[in-house]
Amino acid sequence: MEEEVREEGNRMFGKGRWARAIAKYGQYIALLVGDKTDETTRSKLVVGYSNRAEAWLKVHKYVKALDDCNKALELDNAHLKSLLRKGRALEGLRMFQEAVETYKEILGSSSFDCLSGSVRDSIEISYENAFMKDRQTRFGEIENAFETSWKLFPAGPDMIETPPSLEEYVGPVEIRRVPGMGRGLFATRNVQAGELLLVSNALTTNKISTDDRSELPPLEKKLDHLIYAVEEVVRDAMENLHDLTQLQRLIQLDTLGGPYPEDSQYRDAPPMRYFTPVNALPPGCKSVTAQDMTHPALRNEFPRAFLRRVIYERQIYQYGKVLKILEIYVLPSLMNHSCLPNVSVMGLRNERFSRVFRASRDIRQGEELFHAYHNIFCPLDERRWLVGGVLCKCSRCSLEARLLQECSMLNYMASECTDIGSHCDHLSLSTYTEEQLERLKRRCITAITAVGSLFKDIPKLSALRDDEKDFIRASFVRFYRLLLDPQIKGLPGYSADNLLSERRLIANIIIAMHTCDPASDLALAMCAEAAKEKPFLYNHATDSIEPYGEMEVLLNSGRRILELTYGPELTCRSIFKIFVSYEGSLVYLPF
Ligand SMILES: C[S@@+](CC[C@H](N)C(=O)[O-])C[C@H]1O[C@@H](n2cnc3c(N)ncnc32)[C@H](O)[C@@H]1O
C-alpha cells in the first residue's frame, strides 16, 4: 500500500507537480514512521525523506529540504543522495562553508568510487563551486569567478556579455549616521586603491518594456512590482524562517528617495549583521533573530502611498525621467553620493545584477565612502539636483558653486557647455547640416581654448590645486566629447596636435571616468569611434605622453596607469574595466 503512494509521488515528481509529490511523499512517510527499528522500514524512510527533500529543493524551500535530508541522514548517515541534497539545500541557504563540508563527506566516502564517472564529476564540480562561493562570501575572493568566466571567451569587449555570477560580500564597511544626510557608509580600516569593499546583488529588479502600450503608466507598474516583491520576500521568509536576512534588508526600502523627516521611524542605522552573510559573521555575533522581526518593514507595513512617493521622487527628481529598469540594492543604497567619488562601481548584467564596489583611491579608516549616482562630467547646474531631489553637498559642488559666483567667465562657460549639450541631447547630430556641424565644432574649439586659458589667466582659478583644476575641467568634458564624435570628424583648424595639447586633461578625465558607472558609458561613447591610430599614454609620473604600439604593451600600460593613478602599492589583481585613452582610442583591459 505504502509503495503505491511512493510511486504516485514519483509520478507527480516526474510530471513536475512538486506540491503533489511533496504531499504524496509526506503520506508515504506517515505510513512508515512509528516502526523505525525494522531495517527495511528504515531504508524506505530514508528514501521517502530524501525524495521529499528533492521536491522541496525544486520549489526552493531550502530549510524544509535540509530538514528532510537531516532526518534521512539520522537513519543512514552514509546515504549519498541525501548528503548531496543536503549540500544543495545548504547552498540555497547560502551556507557555503557547511555545503563544502557536506560535499567533502561525499568525496571521502567509501562508496564514492562506485558512482558513475559523470556523477562523480558533477559532485566534484559542486564541491568546487561551493568552495569558491564560500571564499567569495567570507573573503571577497571574486577574482576566480572572473578568471573562470573570462577564460572561456576571447579577449575583447565581448567579455562583458558573460559576466560571472557572484556571491555577496561585505568588506571593511560600516553604517554610521551622517549629520544632515541620514546615514552613510564608512571605511572600518585603511583601504588601498582597487580593494574590494562590497559585492551586492539586487534584492529585486524590474524591467519595463518600452513598447508596452497598456493603460498602466510605467510608474504604476514599478509600484506594483515593488509591492509584489515585498510581499514575495515576506511570504517566503515567513515560511522559511532561516532566511530572515533578505527580509531584514527590506528595512532599507526607504532609502530609495529623499529625506522624509516624518518617516524618521524607518531611518535607523541598522546593525551590520543584517547585511553580513551568516558564514562571514564575526565569532560570537548572532545572526538575525525573531526579535528583529518587530520592525514595521518586516511585517510589510509600508503603506502603498509611502512606496509610491519613494518611487515617484526617485524617478522624477533624481533622474528627471522614468527609468526603464528598477533595481533595488540594500546596503549600497546607504552609500551617499559625491561628484568626487572614492568608490567605483561595476555593474554586472548577470542574473543577479551584481554590483562590485571597489576603492578607486586610497581611503583612510573612518573616511566616508562615496560613489557617483550620476554623470559627474557636466557643469554644476546639471549635477546639483540629481541627488534624490536635494542639493548636492559634496566638496566639489561646494567649491564650484563658490567659484561660479565669483568668476563670471567660468559661469559663462558652464552655460555654454550646457547649451552645447542640449544640441546633442535633443537632436541627433546626424540630422545636422554640414553648416550646423561646422558651427557647433567651432563653438567647441573656442570653448576648449577658453577653458584652457581660464586656468592660466584668472588668479582665482590658477591658484587652485592641480586636482581641483582637474575636477572643474571635468565639468566641461562635453566639449571634448563632441570633437571626438564621428559626426564632427576632420577638425580643420583644430588638428590632433591641438587636441594633444589638452591630453593631460583628457587623460585625467578618462582615468577619473572609470570611477563611476554612468561616466564609464560616457568614456565609451567618447572613445569608441575615435582614432585607432598609434595610441598614447599619459604618464603621471613624468607628466609626459608616451607612445605605445603593441597590445601587449597596452595591457601593461593599463596596469601601469592604475599604479600611477593610485600609487605603486596597488595590489589589486582583479578584472577592471579600464578605459585608457590617447587621442581617443579605447582599450578594455582585463588583468
Ligand atoms: C541612496 S540614499 C543614501 C543614504 C541616505 N543618506 C540614507 O540615510 O538613507 C540617497 C539620499 O541620501 C542623501 N544624499 C546622498 N548623497 C548626498 C549628497 N552628496 N548631498 C546631499 N544629500 C545626499 C539624499 O537625501 C539622497 O536622497
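Helices here are DSSP runs of H or I with at least four residues, and they are numbered from the N terminus. With that in hand, let's walk through this model, which is a predicted one.

Start with the whole protein. Its secondary structure adds up to 22 helices and 12 strands. Of the 591 residues, 38% are buried. If you look at contacts with a separation of 6 or more, 70% of them join residues that sit 24 or more positions apart.

Now zoom in on the early part of the chain, where helix α2 (residues 18–32) meets helix α3 (residues 39–58). Their axes come within 9 Å and cross at roughly 160°. That angle is over 145 degrees, so the two count as roughly antiparallel. The crossing of α2 and α3 is left-handed. On the α2 side, the contact is made by W18, A21, I22, Y25, G26, Y28, I29 and L32. Facing them from α3 are T41, K44, L45, G48, Y49, N51, R52, A55, W56 and K58. Sort the residues of this contact by type and you get 11 nonpolar, 4 polar and 3 charged.

Carry on past α3 and you get to H60, in the loop between α3 and α4. This residue isn't a glycine, yet its phi is positive, near 60°. How buried or exposed is H60? It has 13 other C-beta atoms within 10 Å, so it falls in the partly exposed group.

Next along is helix α4 (62–75), and the loop between α4 and α5 is home to A78. With 12 other C-beta atoms within 10 Å, A78 counts as exposed, because the cut-off for that is 12 or fewer. Which residues does A78 touch, leaving aside those up to four places away in sequence? The answer is S109 and S111. For a sense of scale, try picking out A78 and R383 in the structure: they are 305 residues apart along the chain, and their C-alpha atoms are separated by 63 Å.

After A78 comes a second helix pair. Helix α5 (residues 80–92) packs against helix α6 (residues 96–108) at an angle of about 165°, and their axes are 8 Å apart. So α5 and α6 are roughly antiparallel to each other. Their crossing is left-handed. To find where they meet, look for L80, L83, L84, K86, G87, L90 and E91 in α5. Their counterparts in α6 are F96, E98, A99, T102, Y103, E105 and I106. The residues of this contact divide into 8 nonpolar, 2 polar and 4 charged.

The loop between α5 and α6 holds R94. R94 has a positive phi of about 60°, although it is not a glycine. What about its surroundings? R94 has 19 other C-beta atoms within 10 Å, and is therefore partly exposed, since a buried residue needs 20 or more.

Finally, let's turn to some strands. Strand β2 (residues 173–178) and strand β3 (residues 182–187) pair in the antiparallel sense, over 6 bridges. One of the bridges to look for joins V178 to its partner in β3, G182. The two strands form a hairpin with 3 residues between them, and in that hairpin G180 takes a positive phi near 80°.

How values were computed: Residues are numbered from 1 along each chain as its sequence is written. This is a predicted model: local features need pLDDT of at least 70, side-chain atom pairs count only at pLDDT 80 or more; totals for chains, interfaces and linings use all residues. Axes are lines fitted to C-alpha atoms, for helices over the stretch in contact, and angles run from 0 to 180 degrees between N-to-C directions. Angles under 35 degrees count as roughly parallel, over 145 as roughly antiparallel, 65 to 115 as roughly perpendicular and the rest as oblique. A crossing is left-handed if the near helix is turned anticlockwise from the far one by less than a right angle, and right-handed if clockwise. Two residues are in contact if their C-beta atoms, placed from the backbone, lie within 7 Å. Ala, Val, Leu, Ile, Met, Phe, Trp, Tyr, Cys and Pro count as nonpolar, Asp, Glu, Lys and Arg as charged, and the others, Gly among them, as polar. Two strands pair if DSSP finds at least two bridges between them.
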